[in-house]
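User: Hey, could you walk me through this one? I'd like to start with the core.

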Amino acid sequence: MSGNEQFFGIVRKGDFYVFAPQHLEGATVKLTTTWIEEPHATESGVIDLTEFEGKIIEVSGRDKGKWIYSAKVVEEAGPVLSDFLKRVFLKDEVRVKRCALVIGHEKESPGIINKKRNVSEFEFNEQLYLLLEKRVKHTAIYRVLRRSYAELPDDINELDPDFIISLHCNAGDSKTSGTEVLFYHKSQAGKRIAEILMKHIVQYLGLPNRGIIPKTSQDECGLLLRYSTAPCVIVKAFFMDNDTDVERAMENPEGLADAFANAIDEVSNKVRMEHLPIGNDIFI
Ligand SMILES: [Zn+2]
């Protein structure tokens, strides 16, 4: 058919989101098989794109306003071209963010133990991880177990995550109660992540908000915060030596996992990530 143009784009929620030609870049249009001269038939000729959802397709036709007329799906782009076009045109919009979820301590050396419930930090947080991993919707979760504390930052950097959450619990005088989230003092992204996690956890647990706390590399747990390059926070959701805190945290494991999962998805969607340089002394 003469006068037809070629279009490239992705199918999103049943519509065609155009990458090229340039004058239509970023437009969302519908496809119809009808001719432009038959305006009343436009709807009846609409092409159902369900089978191409999320795929990059090439279309031929003539564009006018919100429609491409005399439209035909010519072909679906292969995986290599699709990946390239998505990266160019959608940038990080379609890329799922990667979260490294670190379970604090180790099986053999499990951190703080609550004697009443006979549960350790490691056991509690491993269970939390298993529940929240299933609940996260827009983030790829990578579980990180500690080989040794010294090797932890390098192990995480090798995964190349977008952000890092390390799960711990607090300990005090068995009466102190509440939630803390630690972040590296030079990281704006870390601070935003800490705020979002704090908001969701306090909303769910209802324990005192003890604040988001900036840490330097000299502080305890500073090594992980400083030497992992992606923004990193350490969550201490409650006090493991406070029986009331522990009861609250263990009351409904799914509820707590939901709070974490929602926080992680919100971080993925909202926080602009920035990585720290390695081995630069001004970042102490
Ligand atoms: Zn710990």
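Analyst: Sure, keeping in mind that this is a predicted model. The largest nonpolar core has 54 residues, and the members touching the most others are V181, F183, I193, L197, V233 and F260.

User: Which helix gives the most to this core?

Analyst: That's α4, residues 188-205, with nine residues in the core.

User: And what does F183 touch, leaving out residues up to four places away in sequence?

Analyst: F183 touches G190, K191, I193, A194, I212, P214, L225 and V233. There's also a second, separate core of 14 residues, with I10, V18, V59 and A71 among them.

User: Back to α4. How do its axis and that of α7 cross?

Analyst: The two axes come within 9 Å and cross at roughly 155°, with α7 covering residues 253-270. Since that angle is over 145, α4 counts as roughly antiparallel to α7. The crossing of α4 and α7 is right-handed.

User: Which residues meet there?

Analyst: From α4 you have I193, I196, L197, H200, I201, Q203 and Y204, and they meet G255, L256, A259, N262, A263, E266 and V267 of α7. By class, that contact has nine nonpolar, four polar and one charged residues.

User: Switching topic: where is K13 found?

Analyst: K13 is in the loop between β1 (5-12) and β2 (15-20).

User: Buried or exposed?

Analyst: K13 counts as exposed, because it has 9 C-beta neighbours inside 10 Å and the cut-off for exposed is 12 or fewer.

User: How far apart are K13 and E53?

Analyst: They're 40 residues apart in sequence, but 6.8 Å apart in space, C-alpha to C-alpha.

Note on methods: Residues are numbered from 1 along each chain as its sequence is written. This is a predicted model: local features need pLDDT of at least 70, side-chain atom pairs count only at pLDDT 80 or more; totals for chains, interfaces and linings use all residues. A nonpolar core is a set of buried Ala, Val, Leu, Ile, Met, Phe, Trp, Tyr and Cys residues joined through C-beta atoms within 7 Å. A residue is buried if 20 or more other C-beta atoms lie within 10 Å of its own, exposed if 12 or fewer, and partly exposed in between; C-beta atoms are placed from the backbone. Helices (H or I, at least four residues) and strands (E, at least two) are DSSP runs, numbered from the N terminus. Two residues are in contact if their C-beta atoms, placed from the backbone, lie within 7 Å. Axes are lines fitted to C-alpha atoms, for helices over the stretch in contact, and angles run from 0 to 180 degrees between N-to-C directions. Angles under 35 degrees count as roughly parallel, over 145 as roughly antiparallel, 65 to 115 as roughly perpendicular and the rest as oblique. A crossing is left-handed if the near helix is turned anticlockwise from the far one by less than a right angle, and right-handed if clockwise. Ala, Val, Leu, Ile, Met, Phe, Trp, Tyr, Cys and Pro count as nonpolar, Asp, Glu, Lys and Arg as charged, and the others, Gly among them, as polar.
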